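User: Hi! I'm new to this structure and would love a close look at one part of it. Could you walk me through it slowly?

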Amino acid sequence: MNEDVLLHAIGMADSCELMSAAFAFPDEDLANALSSGLFMDDALACLLDADAGETALGQASAALTDFARTDAAELIEVLRKGNTIMFLTPGNDVPVWPYEAAFRYTAENHQGAPSLFRSARTIDVERHMREAGVLPKNARREPSDSVWNEFSFLSFLYGSLAAALQEGRDGDAEVWRDRIARFWDEHASCWLSAFMEKTREESSAQTYGKEYAALASLGKIVLYMVEADVSQWKNRG
């Protein structure tokens with residue numbers, strides 16, 4: 001077993017899980033972690049495990065450092081208002097849709113309201129999840145193709161890859177690499193980076209939501225690293 005390869009997979013799993021927490025509806029744990037600096041410490045540690053370069057580490061630190069100057073009680077209210085305004089505005093004029101099918105539907109300039117549950121894209125995300133043996137607990141109440149669910153799924157895939165590597169199950173490790181690559185090609189790569197860019201763009205136009213620009217900057221770094229993994233695996237194969 002290559003220890004560096006194992007550590008990379010663990011770091012990527014943890015990085016994706018942090019991004020899932022960052023974009024889910026904010027709770028006190030997230031606000032406390034951001035304001036105390038624990039979130040930044042965890043993010044930098046995860047990226048370091050995943051062998052991120054100095055440039056990426058510097059960018060992540062710069063994006064998150066201002067959170068440490070905030071009060072947690074105030075921050076959670078700001079985050080909740082920003083999350084609601086940016087991602088949960090009622091009707092069709094949502095600044096940034098946090099669901100893959102709706103985001104891509106809008107980006108493709110379709111007319112009318114997007115489908116949130118029965119879109120072919122949402123159903124296909126669930127297919128990927130079921131094939132891997134996992135499905136969000138709230139799948140009946142919320143679309144499975146949310147940004148936080150897709151990051152959580154990537155975390156699960158990387159975590160499963162790490163477990164296979166640690167246990168010397170080389171064949172299973174290849175299966176998990178293939179699942180990561182297929183989910184990236186068919187879904188994550190089609191919108192998550194664009195979602196981060198749109199979040200950074202829209203946050204400058206909103207009274208609340210600027211904190212999400214910083215989190216989106218971290219998201220871009222993590223997504224770049226997933227893309228690099230997939231490219232490496234394809235070139236190797």
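User: Which residue follows H3, and what is the sign of its phi? Please take me through that helix and its surroundings.

Analyst: Happy to! This is a predicted model, where local features need pLDDT of at least 70 and side-chain atom pairs count only at pLDDT 80 or more, while totals for chains, interfaces and linings use all residues. Residues are numbered from 1 along each chain as its sequence is written, and side-chain values use heavy atoms, with hydrogens and water left out.

Your answer is Asp51: this residue follows H3, and its phi is positive, near 70 degrees. Helices here are DSSP runs (H or I, at least four residues) numbered from the N terminus.

Now the helix itself. H3 covers residues 38-49, which makes 12 residues, and spans 16 Å from its first C-alpha to its last. That is close to the 16 Å expected at 1.5 Å a residue, where the expected span is 1.5 Å times one less than the number of residues. Phe39, Met40, Ala43, Cys46 and Leu47 of H3 are buried, meaning under 20% relative accessible area with a 1.4 Å probe and protein chains only; exposed means over 50%, and partly exposed lies in between. Seen down the axis of H3, these buried residues fall within an arc of 130 degrees, so they line one face of the helix. The arc is taken from the directions that run from the helix axis to the C-beta atoms. Among the elements covering the buried residues of H3 are H1, H2 (28-36), H4 and H11, judged by contact, that is, heavy atoms within 4.5 Å.

Asp51 also leads us to the largest pocket. A pocket is an open set of points on a 1 Å grid over the protein atoms alone, with protein on both sides within 12 Å along at least five of seven lines; its lining residues have an atom within 4 Å of a point. The largest pocket is lined by 24 residues, and Asp51 is one of those nearest its centre, together with His8, Ala50, Asp229 and Gln232. H1 (3-23), H4 (54-64), H8 (147-166) and H11 (210-236) each supply at least two lining residues, and H11 gives the largest share, nine residues.

One last stop is H1, which holds Ile10. At 32% relative accessibility, Ile10 counts as partly exposed. The C-alpha atoms of Ile10 and Ala162 are 5.9 Å apart, although 152 residues separate them along the chain.

Definitions and conventions
1 Å grid on protein atoms, 1.4 Å probe; cavity = no way out; pocket = protein on both sides within 12 Å on 5 of 7 lines; lining within 4 Å.
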